[in-house]
Amino acid sequence: MKVFNEIEACYGAVRDVQRRGGRVGLVPTMGALHEGHVSLIEAARRRSDSVAVTIFVNPTQFGPNEDFEKYPSDTEADLAACEASGADIVFTPSVETLYPRGFETTIHVSGLTEGLCGAHRPGHFDGVTTIVAKLLNILPADAAFFGEKDYQQLLVIRRMVRDLNLPVEIVACPIVREKDGLACSSRNRYLSPSERSQAAVLSRALFSARDRIAAGHKRVKELVARIRAEILAAGPAKIDYVEIVDAETLDSLTEVDRPARIVLAARIGPCRLIDNVAVKE
Ligand code: AMP
């Protein structure tokens, strides 16, 4: 496994693999790696000759009152996890390397970025699309792997890739969960033991709504009200949103009558947690 901090050397390593006829799979991350990230690296391993992982906490996707300064970082453990899960190339650039003085460009996807996390985190998706486009230029992989955990992000990236004709395949990977259902997240480590057990209510509420939909319930208002009530009954939480949206367009539904996602974001203790589940697939 080779670790790079500099752009040119990293680009050269990817191109070397491709010149020899190999396919490169890219897994962009912000580090503090967990089982969710490992599943992406393993998926990339299965579908590529060489796997590249990026570890970069991207400042432009954090709002002024968000947790950029406190975002967890453990490079040594991350490199060990990359090595153990089969990464060949790891890119760990500094902020100055990716955003040198005078940086002035932003990629903005409209429409899909307006609701859900986009509405609660202004500018967040501009930061995401801009950094992902940069990473795809620095590591011009054949395929890039993203988790369904960040479902809106996945759709936004797919749209950018399609709209800008970026020559990369976007591969979606399923959500990896802890034993009690909580979606793995780098931020979970900041939950106290009681907040941690409370947080399992998020997936529990999603799964019970999915079961109700499978049993024939369709009315979004009632389904959402029940999810909200279940979350609030488990302890103090601030719900940013609970919605049932079209799985492709993210448009809000009033009836669950097509492939959809139940999506939510809630703050428990110090953490803003997101989760989602597919329904009517
Ligand atoms: P992050 O480091 O949080 O920016 O995430 C990097 C990538 O890992 C993104 O594509 C995420 O969607 C994905 N990811 C994060 N958590 C999970 C999870 N629990 N299951 C699957 N993928 C995940």
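## Helix packing, sheet order and aromatic contacts

Asp78, Cys82 and Ser85 are the buried residues of helix H3. Viewed along the axis of H3, these buried residues fall within an arc of 80 degrees, so they line one face of the helix. This arrangement can be read against the geometry of helices in general: an α-helix has 3.6 residues a turn, so residues three or four places apart point the same way. On the other side of H3, Glu76 and Ala84 are exposed. The model under discussion is a predicted one.

The cover over the buried residues of H3 includes helix H2 (35-47), strand E3 and strand E4 (89-91). H3 itself lies across E1, E3 and E4, and runs at about 165 degrees to E3. Just after H3, Gly86 adopts a positive phi of about 100 degrees.

**The sheet**

An open sheet is formed by 6 strands in the order E1-E4-E3-E2-E5-E6, with parallel pairing. Its edge strands are E1 (2-4) and E6 (169-173), each of which pairs on one side only. From one strand to the next, the twist averages 25 degrees. At the E6 edge, strand E5 (residues 143-147) and E6 pair in the parallel sense over 5 bridges. Within this part of the sheet, Ala143 stands opposite Glu169 in E6.

A further helix, H6 (residues 124-138), lies across strand E2 (24-29), E3, E4 and E5. H6 runs at about 145 degrees to E2.

**Aromatic contacts**

The structure holds 4 aromatic pairs. Two of them are set out below.

| Pair | Distance between ring centres | Angle between planes | Class |
|---|---|---|---|
| Phe56 and Tyr99 | 6.3 Å | 35 degrees | tilted |
| Phe62 and Tyr71 | 5.8 Å | 75 degrees | edge-to-face |

Why is the pair of Phe56 and Tyr99 tilted? Planes under 30 degrees apart count as stacked and those over 60 as edge-to-face, with the rest taken as tilted; the planes of Phe56 and Tyr99 stand at 35 degrees, so this pair is tilted. For Phe62 and Tyr71 the planes stand at 75 degrees, so the pair is edge-to-face.

The Phe56 and Tyr99 pair links distant parts of the chain, its members being 43 residues apart. Phe56 lies in the loop between strand E3 (50-55) and helix H3 (75-85), while Tyr99 lies in the loop between helix H4 (95-98) and helix H5 (116-120). Both rings belong to buried residues: Phe56 has a relative accessible area of 6%, and Tyr99 has one of 13%. Phe56, Tyr99 and Phe103 form one aromatic cluster. Lys134 lies over the face of Tyr99, at 5.6 Å from the ring centre. In the edge-to-face pair, Phe62 and Tyr71 are likewise buried.

**Backbone conformation**

Most residues other than glycine have a negative phi. Against that background, two residues deserve mention. Phi of Ala32 is near 50 degrees, a positive value in a residue other than glycine. Ala32 lies in the loop between E2 and H2 and is buried, with a relative accessible area of 1%. Lys280, also not a glycine, has a positive phi of about 55 degrees. Lys280 lies in the segment after strand E9 (271-279). Is Lys280 buried or partly exposed? With a relative accessible area of 41%, Lys280 is partly exposed.

Technical notes
Residues are numbered from 1 along each chain as its sequence is written. This is a predicted model: local features need pLDDT of at least 70, side-chain atom pairs count only at pLDDT 80 or more; totals for chains, interfaces and linings use all residues. Side-chain values use heavy atoms; hydrogens and water are left out. Rings of Phe, Tyr and Trp (its six-membered ring) pair if their centres lie within 6.5 Å; planes under 30 degrees apart count as stacked, over 60 as edge-to-face and the rest as tilted. Helices (H or I, at least four residues) and strands (E, at least two) are DSSP runs, numbered from the N terminus. Buried means under 20% relative accessible area, exposed over 50%, partly exposed in between (1.4 Å probe, protein chains only). A charge sits over a ring if NZ of Lys or CZ of Arg is within 6 Å of the ring centre and within 35 degrees of the ring normal. The arc is that of the directions from the helix axis to the C-beta atoms. Contact means heavy atoms within 4.5 Å. Two strands pair if DSSP finds at least two bridges between them. Axes are lines fitted to C-alpha atoms, for helices over the stretch in contact, and angles run from 0 to 180 degrees between N-to-C directions.
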